[in-house]
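Reader: I've got a structure in front of me and no clue how to read it. Can we walk through it together?

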Amino acid sequence: MQSIQVAIGVVVNEKGEILVALRDPAQEQGGLWEFPGGKVEPGEQTTQALARELAEEVGLEIEQAEPLLSLSHDYGERRVELAIFWIARFRGQARANEGNPIRWVSPQTLTGLAMPAANQPIVSAVLVRLAAEAAR
Ligand SMILES: Nc1nc2c([nH]c(=O)n2[C@H]2C[C@H](O)[C@@H](COP(=O)(O)OP(=O)(O)OP(=O)(O)O)O2)c(=O)[nH]1
Ligand SMILES: [Mg+2]
């Protein structure tokens with residue numbers, strides 16, 4: 001089975017809230033909340049794809065992106081390879097560029113959102129990371 005390379009950003013604001021967007025109901029995994037991101041295009045580096053997707057989808061310019069985790073997930077009809085980055089430094093105001101609602105959510109709210117199955121370990125990593133930062 002072919003696998004799809006995807007770059008994803010966990011964007012964190014100064015209040016410790018996380019940016020999520022609602023996937024278009026017509027897309028695969030539609031109607032679920034996601035972290036902004038998308039497919040790495042041919043000839044692109046993962047971090048280039050990340051910068052492009054964040055600009056396209058939520059209008060943010062990344063100042064610093066740190067690898068958080070990488071994982072692969074088998075959705076049956078497709079396998080995705082997700083490279084997830086922690087983005088605590090960025091420029092701009094998040095806006096819903098592609099018409100899908102976006103939200104800044106607390107860690108508690110994040111835990112309760114309906115997300116694609118691949119996202120469970122991502123949410124866990126985000127909670128660990130936020131807790132570690134809160135303890136500093
Ligand atoms: N962006 C994003 N994709 C996710 C998440 N979790 C998850 O399983 N995925 C999967 C769903 C898709 O199969 C793939 C990402 O594809 P995408 O639809 O966002 O790609 P894209 O932005 O390039 O969109 P398109 O133009 O190809 O429609 O990764 C997530 O949190 N964010
Ligand atoms: Mg996308």
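Author: Sure, starting with record labels: UniProt positions are given in the numbering used here, feature names are shortened, and annotations may be inferred rather than shown by experiment. In this case, UniProt lists residues 2–130 for "domain: Nudix hydrolase", in an unreviewed entry. Residues are numbered from 1 along each chain as its sequence is written, with chains lettered from A and ligands numbered from 1 in the order in which they are written. This is a predicted model, where local features need pLDDT of at least 70, side-chain atom pairs count only at pLDDT 80 or more, and totals for chains, interfaces and linings use all residues.

Reader: What share of residues 2–130 is helix, and what share is strand?

Author: Helices (H or I, at least four residues) and strands (E, at least two) are DSSP runs, numbered from the N terminus. Residues 2–130 are 23% helix and 39% strand, and their end C-alpha atoms lie 34 Å apart.

Reader: In which sense does E1 pair with E6, and in which with E4?

Author: Two strands pair if DSSP finds at least two bridges between them. E1 and E6 (residues 79–91) run parallel over nine bridges, with Ala7 opposite Ala83 in E6. E1 and E4 are antiparallel over three bridges, and there Ile8 sits opposite Gly37 in E4.

Reader: Which residues come nearest to ligand 1?

Author: A residue is near a molecule if its C-beta atom, placed from the backbone, lies within 6 Å of it. Of the 16 residues around ligand 1, Glu34, Gly37, Gly38, Pro116 and Ala118 come nearest. E4 gives the largest share of that shell, three residues.
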